[in-house]
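Visitor: I would like to understand how the words used for a protein model are justified. Could you take me through them slowly?

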Amino acid sequence: MTEQTVNDPAAGGPPPRTVPVIVVGAGVAGLVAARELRGHGIEVVVLEAAERPGGRTLAETTVLGSRVDLGGQWIGRGHHRAEALAAELGLTVFPMRTPARPAIVDGATPVGRRPAVAVATAALLLCEILARVGAPRSLTAGSVGSWLRRLPSRRARRLLEVFVSESTTADLDNYAMHALLAAIRYQGGLAAMLATAGGAQENLVVEGLGTAAERLAADLGDRVVLGTPVTALHRDDTGVTVRTAWGDYRAERVIVTVAPPKAATIEHRPAAPASRIRLQDNTCMGSVYKAVAVYDRPFWRARGEAESVLLSEPGTAVFDTSPPEGPGHLCMLVGGREARALDDLDDHARRAAVLGPVAEHLGPGVLAPRGWHEKSWHRDPYVGGGYSALPRLGDETGYFPMPAAPMGRVHWAGTETAAEHAGYVEGAIESGERAAREVAAFLVPNSTDR
Ligand SMILES: Cc1cc2nc3c(=O)[nH]c(=O)nc-3n(C[C@H](O)[C@H](O)[C@H](O)COP(=O)(O)OP(=O)(O)OC[C@H]3O[C@@H](n4cnc5c(N)ncnc54)[C@H](O)[C@@H]3O)c2cc1C
């Protein structure tokens, strides 16, 4: 599907291909925006830099025929758009197997109800209160890392370090305490943010949530053009010239769905306003490594639940994501600085570093998976990381929801811009629908009646 035709008139090529709307990025937001526009009868082309659609979602087939998600996987409580999309696309949603609370394990030792857990729980409670009441700046100045270093217990500190790194994917020394509290407030509290059952990690998809993007892209057919990074957007009174390595397109309106730090590579003429440049410069993508190990069956259940937070390096969150009728899937997430530290290891050493501590907790059988799937999202050249873009320390422009006011004929979508559930697939869907409505209001009379 890669568009190879050079149509740069300046180079003596044919005139640019003209289409009413160009969507930049074939992640969930871009694909949903394109589908909505088609619903309004508006023709659209989606230009995607990578050689696959899906962006921060990616499903793979295992050696045992099951499907695993290396990107977005859970449909959380209240993620109604994602639920509806999954149902519409014929996907099978099931509740993840989850204990009342995850085991906390330090080496081979379950930490249980030790004082460190009480200290960490008290600190989390304090965060929740500060988030809800709006904390005085003096209490929340500086980075999360510096705040944690004030805690009296080493193990409590480590527990919170792993918890916050895994749930935000931030580098804790470059992530403001104020930003963490804003994120907790935005998500409606720590329970909604961290909980499995009843929270953001409630349900999984047998076929993989990444299959949603594959099916949306398949429905759009050759309107999705892969391997085509957009390099520049030149706006004028009658439209936008969209520059790619393979030549130019011309559109009446453009929707950019790329997260702000990665969208910085797209040149704008006339120049983007200072507020947009500041947003791009003062946000960064989170760092996250995800792996799924595949076994004939979830053998660990004979001795207990797999869900755990491992405090040894790399600090890892482990989940039992096995499908109801299927083989055993163990999902492992490492966030922030320790996710990037794994990049220094070769494939064999990285797998051993990740599975070793899990085996200490769940047994040596963990070390011999039938299948192994992994991805370091911060190394993805086009997505640049996950779960989402984050505000850099010292700047608040990147708090959720990130600004999305149109820049003339250029509109903005992407999960970071969602009014609700930004950072999740749910937010990506919301933003795609909203941007499509904005564009349709210009191109189709009475489109808001639809
Ligand atoms: C490891 C991981 C786990 C996650 N877990 C969950 C979860 O369990 N549940 C959940 O709801 N969410 C989860 N998320 C977040 C969720 O995946 C994202 O919020 C969502 O997929 C973002 O979609 P998007 O379309 O807004 O952005 P993206 O998916 O980032 O789409 C943007 C697209 O633009 C493309 N692009 C970039 N630059 C250019 C360019 N110059 N020209 C053309 N194309 C370009 C990119 O390649 C990409 O395909 C997770 C994310 C990760 C990484």
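What follows is a conversation about the terms applied to this model and the values behind them.

Guide: This is a predicted model, in which local features need pLDDT of at least 70, side-chain atom pairs count only at pLDDT 80 or more, and totals for chains, interfaces and linings use all residues. Residues are numbered from 1 along each chain as its sequence is written, and side-chain values use heavy atoms, with hydrogens and water left out.

Visitor: Why is Cys-284 called buried?

Guide: A residue is buried under 20% relative accessible area, exposed over 50% and partly exposed in between, with a 1.4 Å probe and protein chains only. Cys-284 has 17% relative accessibility, and therefore it counts as buried. Cys-331, with a relative accessible area of 0%, is buried too.

Visitor: How do you know that Cys-284 is in no disulfide?

Guide: A disulfide is a covalent bond between the sulfur atoms of two cysteines. The search counts a pair of cysteine sulfur atoms within 2.5 Å. For Cys-284 the nearest cysteine sulfur belongs to Cys-127 and is 20 Å away, so Cys-284 does not meet that limit. Over the whole structure, the search finds 0 disulfides.

Visitor: What makes strand 15 largely enclosed by the rest of the structure?

Guide: Strands (E, at least two residues) and helices (H or I, at least four) are DSSP runs, numbered from the N terminus. Strand 15 covers residues 288–295, and 8 of its 8 residues are buried, so the strand is largely enclosed. Val-288, Lys-290, Val-292 and Val-294 point one way, while Tyr-289, Ala-291, Ala-293 and Tyr-295 point the other way, and all are buried.

Visitor: How do you know that strand 15 pairs with strand 18?

Guide: Two strands pair if DSSP finds at least two bridges between them. Strand 15 and strand 18 have 8 bridges in the antiparallel sense, and therefore they count as paired. One of the bridge partners is Gly-335 in strand 18, which is matched with Val-288. Strand 15 is also joined to strand 19 by 6 bridges, again running antiparallel, with Tyr-289 opposite Ser-376.

Visitor: What makes strand 7 and strand 19 the edges of their sheet?

Guide: The sheet is open and has 7 strands in the order 7-6-16-17-18-15-19, with mixed pairing. Strand 7 (109–110) and strand 19 (371–376) each have a single partner strand, so one side of each is left without a neighbour in the sheet. Within that order, strand 17 (residues 316–320) and strand 18 (residues 328–335) pair in the antiparallel sense over 4 bridges, and Phe-319 stands opposite Cys-331.

Visitor: Why is strand 12 described as largely enclosed?

Guide: Of the 10 residues of strand 12 (residues 247–256), 9 are buried, so the rest of the structure largely encloses it. Strand 1 (residues 17–24) pairs with strand 12 in the parallel sense over 7 bridges, and there Val-21 stands opposite Arg-253. Strand 11 (residues 240–244) pairs with strand 12 in the antiparallel sense over 5 bridges, and a hairpin joins these two through 2 residues. Strand 21 (residues 410–412) runs parallel to strand 12 and is joined to it by 3 bridges.

Visitor: What makes Ser-66 buried, and which residues does Ser-66 touch?

Guide: Ser-66 has 9% relative accessibility, so it counts as buried, and it lies in the loop between strand 3 (59–61) and strand 4 (67–69). Contact means heavy atoms within 4.5 Å. Leaving aside residues up to four places away in sequence, Ser-66 touches Glu-60, Thr-61, Val-294, Pro-327 and His-329.

Visitor: What makes a space count as a pocket?

Guide: On a 1 Å grid over the protein atoms alone, a pocket is an open set of points with protein on both sides within 12 Å along at least five of seven lines, whereas a cavity is a set of points where a 1.4 Å probe fits but cannot get out; lining residues have an atom within 4 Å of a point. The second largest pocket holds about 330 Å³ of space. Of the 18 residues that line this pocket, the closest to its centre are Glu-161, Ser-165, Leu-172, Asp-173 and Arg-337. Helix 6 gives the largest share of the lining, 6 residues.

Notes. Points joined across faces, edges and corners; volume = space filled by probe spheres on them.
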